[in-house]
Amino acid sequence: MRIGIIGAGSMARALGGGWAAAGHEILVGARDSAHAAETAAAIGNGARSGTITAAAEFGETVLLAVPVSALADVLTETLTGRTLIDCTNAFAPDSGGFILSEDAVAERIAATVSGAHVVKAFNLCAAEVWEGAVREFEGRPLLVPLCGDDPDAIALVSGLTEDLKLRPVPAGGLRRARYLEATSAFVVGLWFGGQDARAMFPPLEATFADAD
């Protein structure tokens with residue numbers, strides 16, 4: 001599959017590197033051509049670089065891996081009809097962690113690019129997690145929640161998730177993506193504070209109490 005990546009930071013390298021290793025064609029687009037070329041070289045496996053427009057036109061699927069503040073500059077009609085993977089987080093610093101500077105980024109992307117099929121994914125963990133080799137923790141595989149309205153787009157991103165040896169979990173329509181974004185802000189804030197957010201949640205088999 002042809003995957004265009006808009007952005008040349010750590011998420012572009014981590015996800016693009018995994019997809020290139022799985023045999024997908026990658027084109028990295030960024031405003032800074034030297035940075036795009038550097039990221040493509042780091043991804044390897046034939047990854048190329050170009051402009052943001054080139055990445056948008058190249059990709060059957062396009063990963064949006066830019067800061068939320070830069071989205072307005074890259075969301076154009078060129079992306080119409082594409083499956084857009086939104087891994088962004090609108091974090092703003094707050095006492096004790098982070099808050100969201102915007103409540104529903106994925107929904108804004110969908111409203112801005114008419115006809116695009118937006119899937120929120122890969123926003124819960126840092127790039128280093130996606131780039132790492134570990135895919136199981138405490139005997140449990142790492143899950144990737146996916147929120148989107150188009151079943152074909154969800155199926156496509158599910159396949160790309162499995163290509164990274166991760167387990168996709170359909171988590172509802174795009175209107176639920178705002179909860180995924182809020183979860184990221186809350187949990188990442190705890191991690192930055194040195195707290196083990198994973199310890200807040202019991203395993204599935206211990207989640208529900210007996211009915212009264």
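This report describes the sheet and the cysteines of a predicted model.

Because the model is predicted, local features need pLDDT of at least 70, side-chain atom pairs count only at pLDDT 80 or more, and totals for chains, interfaces and linings use all residues. Residues are numbered from 1 along each chain as its sequence is written, and side-chain values use heavy atoms, with hydrogens and water left out.

**The sheet**

Eight strands, in the order β3-β2-β1-β4-β5-β8-β11-β12, make up an open sheet with mixed pairing; strands are DSSP runs (E, at least two residues) numbered from the N terminus, and two of them pair if DSSP finds at least two bridges between them. The edges are held by β3 (48-50) and β12 (167-170), each of which has a single partner strand, so one side of each is left without a neighbour in the sheet. From one strand to the next the twist averages 25°, where axes are lines fitted to C-alpha atoms and angles run from 0 to 180 degrees between N-to-C directions. At the β3 edge, strand β2 (residues 25-29) pairs with β3 in the parallel sense over three bridges, and Leu27 stands opposite Arg48 in β3.

**The cysteines**

A disulfide is counted where a pair of cysteine sulfur atoms lies within 2.5 Å, and by this rule the count is zero. The table lists two cysteines, for which buried means under 20% relative accessible area (1.4 Å probe, protein chains only).

| Cysteine | Nearest cysteine sulfur | Relative accessible area |
|---|---|---|
| Cys87 | Cys125, 12 Å | 7%, buried |
| Cys125 | Cys87, 12 Å | 17%, buried |

Notes:
Helices (H or I, at least four residues) and strands (E, at least two) are DSSP runs, numbered from the N terminus. Buried means under 20% relative accessible area, exposed over 50%, partly exposed in between (1.4 Å probe, protein chains only).
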